[in-house]
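I open this notebook to record what I looked up in the model, entry by entry. Each entry keeps to one topic.

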Amino acid sequence: MMDSEAHEKRPPMLTSSNQDLSPHIAGVGDMKHYLCGYCAAFNNVAITYPVQKILFRQQLYGIKTRDAVLQLRKDGFRNLYRGILPPLMQKTTTLALMFGLYEDLSRLLHKHVSSAPEFATRSLAALLAGTTEAILTPFERVQTLLQDHRHHDKFTNTYQAFKALRCHGIAEYYRGMVPILFRNGFGNVLFFGLRGPIKERLPTATTYSAHLVNDFICGGVLGAMLGFLSFPINVVKARIQSQIGGPFQSLPMVFKTIWIERDRKLINLFRGAHLNYHRSLISWGIINATYEFLLKIV
C-alpha cells in the first residue's frame with residue numbers, strides 16, 4: 001500500500017474543523033498539492049541553506065567539515081546566503097511539481113489503467129514526476145557555480161551567473177542533467193512508495209501535534225536514507241556542474257576521475273555524507289511535516 005495511507009488516523013474531532021477551514025474557491029482543491037509542496041520547500045530552504053553550503057564544499061573538494069566551515073567563515077557573513085535564490089526558485093518549483101504531479105498522475109493512471117496494481121501506477125507516477133523535475137536543472141546548475149568560491153570573482157549574483165552561461169549555448173544550462181534524472185526519478189519512487197508504510201508503523205496520532213511529529217519522523221527517516229544512497233551521484237553532479245564550457249564528460253568518466261583523485265577509497269567518496277545525512281533528516285522532516293500540515297488547512 002502506498003503513501004495515501006499517510007493521511008489515515010486523523011483525529012475525528014478535527015475532521016469537521018478541517019472541512020470548515022477549506023476555502024470554497026473553484027480550483028483550489030486541484031492545486032493544493034502544488035501549493036503545499038511550494039510552501040514546504042520555501043520553509044526548508046530558508047532554514048537549512050547554510051548547512052547545504054557546507055555540504056556542497058565537501059562534495060566538490062573532498063574536504064573535512066571543519067575545513068568547509070572555515071572556508072565559509074573566510075568568505076564572510078555577507079556571502080553566507082550567496083546563491084540562495086536559485087535553490088529557492090528551483091526547490092519551491094521542484095517540490096510543487098513533485099507533490100502536485102505525483103497526485104495528478106496517480107489519479108490519471110489509475111483512471112486509464114485501472115487494471116494495473118495500485119503499486120505499479122503510483123510508482124510510475126512518482127518516476128514521471130521525478131524526471132519532469134529535471135527541466136529545472138538550470139537553477140541547480142547556477143546554484144553550484146555560485147556556491148563554488150573559485151567563481152566568486154566571475155559573477156556576484158544569479159543573473160550574472162545565468163548570463164555567463166549564455167555564450168556557451170542552451171546545453172550548458174543542462175550540464176549535469178543525467179545524474180539529476182537518476183537521483184530524482186528513483187528517489188521519488190522510494191519516497192512515495194515507503195512514506196505510507198513507515199507512518200503506519202509509528203505510534204497512532206490523535207492530535208495535530210502528534211501528526212506533525214509523525215510526519216516529521218517519517219519524512220526525515222526517508223530523506224536521510226535517500227540522501228545517503230544518492231550521495232555519490234551528488235558528488236559527481238557537483239563536479240560536472242562546477243565546470244563552465246569545455247567538453248561534456250559522461251557520468252562514468254567523471255566518477256572514475258573522482259574515484260582516482262580520492263585514492264580509490266569508498267570512505268573518501270562519502271566524505272560529507274554524515275552531514276548530508278543529518279541535513280536530509282532535518283530537511284525532509286521539515287518538508288513532509290509542513291506539507292502534511294498545510295494539506296489539513298488548505
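**Entry 1: a pair of phenylalanines**

I began with phenylalanine 139, which is buried, with a relative accessible area of 18%. I was working with a predicted model throughout. Its partner under inspection, phenylalanine 162, has a relative accessible area of 22% and is therefore partly exposed; the cut-off that matters here is 20%, under which a residue counts as buried. I then looked up the geometry of the two rings and found the centres 5.9 Å apart with the planes at 80°, so I noted the pair as edge-to-face. Phenylalanine 139 belongs to helix H6 (residues 137-147) and phenylalanine 162 to helix H7 (residues 158-166), and the pair thus links distant parts of the chain, 23 residues apart.

**Entry 2: the other aromatic contacts**

I searched the whole structure for aromatic pairs, and the search returned 13. One of them joins phenylalanine 99 and phenylalanine 191, whose ring centres are 6.4 Å apart with 75° between the planes, again an edge-to-face arrangement. I checked where the two residues sit: phenylalanine 99 is in helix H4 (residues 85-112) and phenylalanine 191 in helix H9 (residues 177-200), so this pair ties together parts that are 92 residues apart in sequence. Both phenylalanine 99 and phenylalanine 191 are buried.

I also asked which residues form one aromatic cluster with Phe99. The cluster consists of Phe99, Tyr102, Phe191, Phe192, Trp284 and Tyr291. As a separate item I noted a charge over a ring, where arginine 175 lies over the face of phenylalanine 248, at 3.9 Å from the ring centre.

**Entry 3: the nonpolar cores**

I turned next to the nonpolar cores, with the general expectation that in soluble globular proteins nonpolar side chains tend to be buried together. The largest nonpolar core holds 27 residues, and the residues with the most contacts inside it are Phe99, Phe191 and Phe192. I recognised these three names from the aromatic cluster recorded above. The elements contributing two or more residues to this core are helix H2 (28-61), H4, helix H5 (118-132), H9, helix H10 (208-229) and helix H14 (273-297). Of these, H4 gives the most, with 9 residues. Apart from this core lies another, of 14 residues, and I listed Leu55, Ile63, Ile258 and Leu275 among them.

**Entry 4: a covered helix**

I wanted to know how many residues of helix H11 (residues 231-241) are buried. The helix is mostly covered, since 9 of its 11 residues are buried. The buried residues of H11 include Phe231, Val235, Val236 and Ile240, but also Asn234, Lys237 and Gln241.

**Entry 5: loops**

I looked up threonine 156 in the loop between H6 and H7, and at 52% relative accessibility this residue counts as exposed. Threonine 156 lies 10 residues from leucine 146 in sequence, and their C-alpha atoms are 7.7 Å apart in space.

A second loop, between helix H12 (251-261) and helix H13 (266-269), contains aspartate 263, and arginine 264 lies in the loop between H12 and H13 as well. I checked the backbone of each in turn: phi of aspartate 263 is near 60°, a positive value in a residue other than glycine, and phi of arginine 264 is near 55°, likewise positive in a residue other than glycine. Aspartate 263 is exposed, with a relative accessible area of 53%, and arginine 264, at 53% relative accessibility, counts as exposed too.

**Entry 6: the whole chain**

Last, I recorded the overall values. The protein has 14 helices and 0 strands. Its C-alpha trace spans about 55 × 40 × 40 Å along the principal axes. For 298 residues a compact globule would have a radius of gyration near 19 Å, and the protein has 20 Å, which agrees. Of the 298 residues, 50% count as buried. The accessible surface comes to about 14,600 Å², and 67% of this belongs to carbon and sulfur atoms. I also looked at contacts between residues at least 6 apart in sequence, among which 82% join residues at least 24 apart.

Notes: Residues are numbered from 1 along each chain as its sequence is written. This is a predicted model: local features need pLDDT of at least 70, side-chain atom pairs count only at pLDDT 80 or more; totals for chains, interfaces and linings use all residues. Side-chain values use heavy atoms; hydrogens and water are left out. Rings of Phe, Tyr and Trp (its six-membered ring) pair if their centres lie within 6.5 Å; planes under 30 degrees apart count as stacked, over 60 as edge-to-face and the rest as tilted. Helices (H or I, at least four residues) and strands (E, at least two) are DSSP runs, numbered from the N terminus. Buried means under 20% relative accessible area, exposed over 50%, partly exposed in between (1.4 Å probe, protein chains only). A charge sits over a ring if NZ of Lys or CZ of Arg is within 6 Å of the ring centre and within 35 degrees of the ring normal. The radius of gyration is taken over C-alpha atoms; the globule rule is 2.2 Å times the number of residues to the power 0.38. Contact means heavy atoms within 4.5 Å. Accessible areas come from the Shrake-Rupley method with a 1.4 Å probe; for residues, only the protein chains shown count as cover. A nonpolar core is a set of buried Ala, Val, Leu, Ile, Met, Phe, Trp, Tyr and Cys residues joined through side-chain atoms within 4.5 Å.
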